[in-house]
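Subject: Structure handover and notes

Dear colleague,

Please find below the structure I promised to pass on to you. My notes on what was found in it follow directly after.

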Amino acid sequence: MKNKILVIGIVSFFSFAFAKAQRGIKVGYVNMEYILESVPEYQEASRQLDQKMQKWKQEIDQMGNEISQMKASLQNEKVLLTKELIEEKEEDIALKQQELSEYQQKRFGPQGDFLLQKQHLIQPVQDQVFNEIQKIGNQKKYDLLVDSSEAALLYSADRHDLSDQVLRAIGRTGKRKAAEDKRSNQEMEKDEPYLSVIEAEKKEEKEQAKEDRKEKIQMAISERDAARNEQKRLRDSARAAKAAAYKARRDKMMADRQRKRDSIKAVREEARAKKQAEIEARKAEREKDNKKTSPSGE
């Protein structure tokens, strides 16, 4: 909140200073929250994202419930289990907890699916709104446009609110493109009016400035796409490394568990064989004693 107030104060100060230095400055504002909530594509994207989020939360809750049941079952059966079985069940619970933690990071972590899906579904709509705001700002010759949903405006006249104009422009974009193409072709067929040297230079400067703005926007889009692709590559590489490490840990744990079971089994079989040998020896000894004490033996 303090940062917002500071930003507003700085913007207000420079706006006031600029207004003092040059009369006729135009300042407008838009409400991005109002605009986005009024765009059907944004509402549909938000609905899809919410459905996926609810599905992921249900899966996380299900995994958590499974772990709780495993803990409760171990607690109830603990007095009946051997030390080895208790350790085995505790290892299973630890593995499930690790799987839950990794799944939570995969879905809702800093590089998780939730943020990626949000960018994929909502970013195009936000870019469209931003482009329309830029066009209106240029066409109406505004010097400054402020987002009223982020800045607490102490006073603002309704005539400076461009939110509805942006919404109308978004709705007209598809229909207007065909008309603009037709009008452009018609204008190209007409003879250009005579311009003086100064007028021609000014026109050329305006066209060059427009081309420069388009080039900057395209460059920004290209840089953003390149950054996203690099982030995706790094994320996929990290996930692959994490999956390989997890598989290696699990395989090692399973191998250790199997060796422990085999060792216990071998010890038990050895003890069973030793006990059987003792039984056989005692049996043979009793038979020998019986032969000695029998009448025929006398």
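I begin with helix H3, whose buried residues (buried meaning under 20% relative accessible area, exposed over 50%, and partly exposed in between, with a 1.4 Å probe and protein chains only) are Tyr 42, Ala 45, Leu 49, Met 53, Trp 56, Ile 60, Ile 67 and Leu 74. The cover over these buried residues of H3 includes helix H2 (32–37), H4 and H5. Helices (H or I, at least four residues) and strands (E, at least two) are DSSP runs, numbered from the N terminus.

Before going further, please keep in mind that this is a predicted model, in which local features need pLDDT of at least 70 and side-chain atom pairs count only at pLDDT 80 or more, while totals for chains, interfaces and linings use all residues. Residues are numbered from 1 along each chain as its sequence is written, and side-chain values use heavy atoms, with hydrogens and water left out.

As for confidence, pLDDT (the predictor's confidence in each residue, from 0 to 100) averages 76 over the protein chain, and 78% of the residues score at least 70. Over residues 184–192 the pLDDT is below 50, and this stretch has 0 contacts in the model beyond near neighbours in sequence, a contact being heavy atoms within 4.5 Å. Residues 16–21 also stay under 50, and for them the model has 2 contacts beyond four places in sequence. Where pLDDT is low, the predicted coordinates should not be read in detail.

Taken as a whole, the protein chain has 7 helices and 2 strands, which run α-β-α-α-α-α-β-α-α from the N terminus on. Of its 298 residues, 17% are buried. Among contacts between residues at least 6 apart in sequence, 82% join residues at least 24 apart.

Returning to the helices, the 38 residues of H3 should span 56 Å at 1.5 Å a residue, and its end C-alpha atoms are 56 Å apart, which agrees; the expected span is 1.5 Å times one less than the number of residues. For H4, with 26 residues, the expected span is 38 Å, and the end C-alpha atoms are 37 Å apart, which also agrees. The buried residues of H4 are Ile 86, Glu 88, Ile 93, Leu 95, Leu 100, Tyr 103 and Arg 107.

What does Leu 121 touch, leaving aside its neighbours within four places in sequence? Leu 121, which lies in helix H5 (residues 113–139), is in contact with Ala 45, Gln 48 and Leu 49. Leu 121 counts as buried because its relative accessible area is 17%. Its C-alpha atom is separated by 9.0 Å from that of Glu 44, 77 residues apart along the chain.

Aromatic rings come next. Rings of Phe, Tyr and Trp (its six-membered ring) pair if their centres lie within 6.5 Å, with planes under 30 degrees apart counted as stacked, over 60 as edge-to-face and the rest as tilted; by this rule there are 2 aromatic pairs. Trp 56 and Phe 108 are edge-to-face, at 6.0 Å centre to centre and 80° between the planes, and this pair links distant parts of the chain, with Trp 56 in helix H3 (residues 40–77) and Phe 108 in helix H4 (residues 83–108), 52 residues apart. Phe 108 and Phe 114 form a tilted pair, 5.8 Å centre to centre with 40° between the planes. Ring pairs thus link Trp 56, Phe 108 and Phe 114 into a cluster. Trp 56 is buried at 7% relative accessibility, whereas Phe 108 is partly exposed at 32%.

Finally, there are the charged side chains. A search of the whole structure finds 16 salt bridges, a salt bridge being a side-chain nitrogen of Lys or Arg within 4 Å of a carboxyl oxygen of Asp or Glu. In one of them, Glu 44 meets Arg 47, with the closest N and O atoms 2.4 Å apart; being 3 residues apart in helix H3, Glu 44 and Arg 47 are separated by about one helical turn. Glu 102 and Arg 249 form another, at 3.6 Å from N to O, and this pair joins distant parts of the chain, Glu 102 in helix H4 and Arg 249 in helix H7, 147 residues apart.

With best wishes
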